[in-house]
Amino acid sequence: MKNVLGREIPERLGERKLRVFEGAFATTPAGRKADRPQKVIKPGENKVLSSIEQAIEKTGLSDGMTISFHHSFRQGDRLVNQVMDACARMGMRDLRIFPTALFPVHEPLIKHIENGVITRIEGSMNGPVGAFISQGGKLRAPAVLRSHGGRWRAVEAGDVRIDVAFIGASQADPYGNANGIHGKTPCGPISFSAVDAMYAERTVVVTNDLAPYPVYPFEIQQGWTDYVVVVDEIGDPDSIASGTLKITRSPTRLRIARLAADAVVASGYLKDGFNFQGGAGGISLAATKFVGEEMAKDGVVAGFAMGGGTKLIVDMLHQGTIRTILDGQAFDLAAVASLREDANHVLMDPGQYANYDSRGCSTYMLDAAFLGATEVDFDFNVNVNTHSDGLLLHGIGGHQDVASGSKMTVITIPTLRGRLPVIVDRVTTVTTPGEVVDVIVTERGLAVNPKRKDLAERFQRAGLPVRTLEEIKQEADGFTQPPRKPMFGDEVIALVEWRDGTIIDTVRRVVGWE
Amino acid sequence: MSEAQVVGSDAKSDCQVTVTTAPSLEIQIKASNQQLLEPGIRAVVEKTASALGVSKAKVAITDRGALDYVISGRVEAALRLTFPELTSATSQSIPREASERHRIRRSRLYAPGNNPRLLIGLELHGADCVVVDLEDSVPLSEKRATRILVKYILTAVKFPEVWVRINALDTYGRDDLAEILRGRPHGICLPKAESSADVISLSKEIEELESSYGISSGTTYIMPIIETARGVLHSEEIASADQRVVIIAFGAEDFTRDMGARRTEKSLLFARSMIVTAAKAVGIQVSDTVYSNLDDEKGLIAEAKQARNLGFDGKGVINPRQIEPIHAVFSPTEQETEEARQIVAAAEEAEEHGLGAIAIEGKMIDKPVLARAQQTLELAALVNKGGW
């Protein structure tokens, strides 16, 4: 069957009957939320265990079950590999893992896939695991990619039943209160896992820093936590956060950032109480810096900024250019420190900021957002999951959630990456549909979604180079011979969910080249 | 059999090409997205080899995301180094309109001709003119390959105005010219210009090449760069040496070295004054030296203001991010624009009434003042477009 974007979607996948994407806000949920078994911990009972193996035994984890993780330790994560190695040692098979995201550090999972310890993955796969899966590494079922909000919804809705949630925490107390901003190796917010903790059959907090009760803020609460495991190492502090993120120095990328910032200025949204999403990519960071300078110049104070904590927006907070930071993940140590010290730098979980099946999302309060893309097409559809070679490489992150909510969604892209055109006739994979994308900014000018004539007029009045995507593409493509395109077979290797749980696209196995 | 010739680099946006003799044309390609890119790269290599008439060579190319013109430039250079009897593959110059003599030139943006990463998108940054360099930024060992690469860039990219800084005529300059004029640049920058004779011999050389490449005679401009003690003293004869000279530029780095001086505002004052006065006496434009400390925007603006106050029309730029502040300094203030508007309005009124003399509030306005006012309005119009 075809969805509203003309993408072919299978009717079922294993036991799961698939729903097709109908539009960004087309569906209305009618059911009730999922549940978890009731349980009582009575005064004096002990939750602290001494090893991951013990936790695996106590929770009853066994073949065919689902384990979840968060990615807040990013490239410095020491938990996922420890848990999966323990499962393998204990002879477990056919596990489904449900991480918020995987990183290159998780390459050792490939051997567990090859040995049948892991047979299913639902979650973003950055790096070697993603490349392995799309190049033929067999899973028993296709991977499922979800946005931050989409993952939260899937757990709440019971689409994904977690048997055991392993939650890495840089500090926890013996009763299972935990967070990621204190302790020996802080990683920033860990509330991505809050939904896992609330809905998993069993919830295990793993920490390298067990502190006296109470440990707060309560990102993970004692009432959700079954066990607390103390380990030597939870994360490598040198790889958790990237020191200070670097603003791009590439003249082309700076030009894109400058034009994106000028578009925000010309849009009419930039006034007191302006809410925006920055982001951590080189171009987004530079655009955020330029917008900040415009705000400081005109004395405009933003309401809130989101999109991950960075030193750049922390500085803006402390200079008074931003009133509040809503923070779901910290990209550098300055952001983690600020979360500890500044009451206006606020922890936020994906349920609060992005969950479709909810009574409101913070992203819906955004005026403008800067987002990236690996490809865009003439319908303003955006791909962030696959490369032009068809390989599955990146997660969705908050892309869909932010684009849906923001009054003006700005995609910043160079027209060429090396020899590869970024503007294509039809994106390899649709991550985010054109209906929620307003402006695409390139170094050769910016294109405005035809349904935003108001913005196009404002940009033209401000003297910005408004062009069509077709014009921009034609100019850029003159510099390279067109690349070959991958040919896809029938085998679905991943489903791309829209944030409401419908299927917006599939990723199929590459079988050859046109 | 000759030694293998290697051209290019493994830097991003570049490619490395190795050519050896072989019984037939054999092409070997390595690229990061091999499956996607191999056929396209092959087509470019084949086209370049065939334009040169090469059919017996092995061309091995390792691509790091080079655009077609970079691949062509690298391949042609490697082939011509291997087979010295080959001549340029570009037989005709490309169609490019000549530039206007009095075009606004607030910024001249330099880029090294041998660095594809810095050359990509050079036309997009809003510089009034772009200067692709074959001289100081290019090591001796890369001179031959670089001029071929630059020829291809000129052929492929539409620039608002593009110049090439060649080497001195008595070193590599003649070969530079013969190659890059096929790409039909708007003008040639002559480094270390010291006398009218330097300019005249360059002009003659250009004249001959214009005629053999089918370029209208006299449409390739010259920008002498004055950067020696001798050059400064001969500023006026350099500025007036030839019709092709539409602008002269000052190069402070070489000048201070030649003088044994330290670079301060005062130590440059005489040279700057001399050069700016010579240009204005002859009625051409004049552009100040580059400011090399990229991270010091305040210093850049201060130095640009000194030059603006002396009468310079613009300044050299070594990174796109210097363009905006420099354009701000060399653009008219609101008051200057208003005065210019009054002068031009008065002139129009005078002409309507058939009056020979123009006056504002009893003060006579002469021709150079009117010309200046017109240019101020032109500049103001550019600024109103927001620089995009």
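## Helix α15 of chain A

On one side of helix α15(A), A:Glu470, A:Glu471 and A:Gln474 are exposed, meaning that 12 or fewer other C-beta atoms lie within 10 Å of their own. Helices here are DSSP runs of H or I with at least four residues, strands are runs of E with at least two, and both are numbered from the N terminus. The other side of α15(A), which covers residues 469–477, holds the buried residues A:Leu469, A:Ile472 and A:Lys473. Those three fall within an arc of 100° seen down the axis, so they line one face of the helix. The arc is taken from the directions that lead from the helix axis to the C-beta atoms. Buried means that 20 or more other C-beta atoms lie within 10 Å, partly exposed is in between, and C-beta atoms are placed from the backbone.

What do the buried residues of α15(A) pack against? Their partners are β24 (420–421), β25, β26 (439–442) and β27 (445–448) of chain A. Two residues count as in contact when their C-beta atoms, placed from the backbone, lie within 7 Å.

## How to read this model

This is a predicted model, in which local features need pLDDT of at least 70 and side-chain atom pairs count only at pLDDT 80 or more, while totals for chains, interfaces and linings use all residues. Residues are numbered from 1 along each chain as its sequence is written, and chains are lettered from A and ligands numbered from 1 in the order in which they are written.

## A small sheet in chain A

Strand β25(A) also belongs to an open sheet of three strands, in the order β21-β20-β25, with mixed pairing. Its edge strands are β21 (382–383) and β25 (423–424), each pairing on one side only. Two strands pair if DSSP finds at least two bridges between them. Strand β20(A), residues 375–377, runs antiparallel to β21(A) and is joined to it by two bridges. Here A:Glu375 stands opposite A:Asn383.

## An enclosed strand

Is strand β10(A), residues 164–169, buried or exposed? Six of its six residues are buried, so β10(A) is largely enclosed by the rest of the structure. A:Val164, A:Phe166 and A:Gly168 point one way, and A:Ala165, A:Ile167 and A:Ala169 point the other way. In a regular strand the side chains alternate between the two faces of the sheet.

β10(A) pairs in the parallel sense with β4(A), residues 66–69, over two bridges, and A:Ala165 is the bridge partner of A:Ser68. Six bridges join β10(A) to β13(A), residues 202–207, and these two strands also run parallel. One of the pairs there is A:Ala169 with A:Thr207.

A:Ile167 is among the residues with the most contacts inside the largest nonpolar core, which has 252 residues. Such a core is a set of buried Ala, Val, Leu, Ile, Met, Phe, Trp, Tyr and Cys residues joined through C-beta atoms within 7 Å. Beyond four places in sequence, the contacts of A:Ile167 include A:His70, A:Ala178 and A:Ile220.

## Helix α11 of chain B

In chain B, α11 has 14 residues (297–310), which should span 20 Å at 1.5 Å a residue, and its end C-alpha atoms are 20 Å apart, which agrees. The expected span is 1.5 Å times one less than the number of residues. B:Leu300, B:Glu303, B:Ala304 and B:Ala307 are buried in α11(B). They cover an arc of only 100°, which puts them on the same side. B:Lys298, B:Lys305 and B:Asn309 are exposed on the other side.
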